[in-house]
Amino acid sequence: MTFMSGYAELAVTTNYSFLRGASHPGQFVEEANKLGYAAIGIADRNSLAGIVRAYDAGQKLKPGTPPRLLVGARLVFRDGTPDILAYPQDRAAYGRLCQLLSLGKSRAPKGECFLDLADLMAYREGLLAIVMPAANPESARTALMQFHGPVWLAASMLYDGEDRRRLRELQKLAQETGARLIAVNDALYHS
């Protein structure tokens, strides 16, 4: 077992993201605690649904230093914008994130959420953003250029034989846009 002091996984999708995440939020929190993570960011697909169960699991851990729970959402857009992890910095920003999600859900059939990048720009105040580029890093440029404020560009290994090239492209894109590069695993299951 490897302990990763100071590490935080920020791209965690739970089973509350239907047909995407595989593990219960509590399983993620327990595994993060076991591995000694400093924090874990729950960011379900256009939802805050997994947060309550993750918080509850954290409260049940033995006393000590359980991982800090970071509340966020993985915003999935209908306009071709890559997914963006949005983490509110304070209560007001959390309220704006809830309003944004409510707006997207009010436009869509039950169980769906229709968001565009322009919607996020209207509600972005106080949000920390992590842009999750698709296989083509260039797809993230527009989102990075429009987001004025703290923004990161996610880098993860796809193990498809193109990781070195892709990581060089991500690093170049981050430098060109002023974003900071951040490593994520894009976790869908706890072990």
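**View 1. Lys 172 and Glu 176 form a salt bridge.** The closest N and O atoms of this pair are 3.8 Å apart. Both residues lie in helix α6, four residues apart, about one turn of the helix. Salt bridges with shared partners join Glu 138, Arg 141, Lys 172 and Glu 176 into one network. Lys 172 counts as exposed, at 51% relative accessibility. Glu 176 counts as partly exposed, at 43%. The model shown here, as in every view, is predicted.

**View 2. Arg 165 and Glu 169 make a salt bridge in helix α6.** Their side chains meet at 2.6 Å, N to O. Helix α6 spans residues 163–177, and the two partners sit four residues apart in it, separated by about one helical turn. Arg 165 is partly exposed, with a relative accessible area of 31%. Glu 169 is also partly exposed, at 32%. A search of the whole structure finds eleven salt bridges.

**View 3. Lys 34 and Glu 31 pair within helix α1.** Their side chains meet in a salt bridge of 3.3 Å, N to O. Three residues separate them along the chain, about one turn of the helix. Glu 31 is buried, with a relative accessible area of 17%. Lys 34 is partly exposed, at 43%.

**View 4. Helix α1 has buried residues covered by other elements.** The helix runs over residues 25–34. Its buried residues are Pro 25, Gly 26, Phe 28, Val 29, Glu 31 and Ala 32. The cover over them includes strands β1 (8–12) and β2 (39–45), along with helix α2 (51–59). Just after α1 comes Gly 36, which takes a positive phi of about 75°.

**View 5. Cys 98 and Cys 113 stay unbonded.** The sulfur of Cys 98 has its closest cysteine sulfur in Cys 113, 12 Å away. A disulfide needs the two sulfur atoms within 2.5 Å, so this pair is too far apart for a bond. Cys 113 is in no disulfide. A search of the whole structure finds zero disulfides. Cys 98 is partly exposed, with a relative accessible area of 26%. Cys 113 is buried, at 10%.

**View 6. Confidence varies among the helices of the predicted chain.** Mean pLDDT for the protein chain is 90. Of its residues, 96% reach 70 or more. Among the elements, helix α3 (residues 91–106) has the highest mean pLDDT, 98. Helix α5 (residues 141–146) has the lowest, 89.

Key: Residues numbered from 1 in each chain as written. Predicted model: local features only at pLDDT ≥ 70, side-chain atom pairs only at ≥ 80, totals over all residues. Heavy atoms only, no water. pLDDT = per-residue confidence, 0-100. Helix = DSSP H or I, 4+ residues; strand = E, 2+ residues; numbered from the N terminus. Buried < 20%, exposed > 50% of the residue type's maximum accessible area, 1.4 Å probe, protein only. Contact = heavy atoms within 4.5 Å. Salt bridge = Lys/Arg side-chain N within 4 Å of Asp/Glu carboxyl O.
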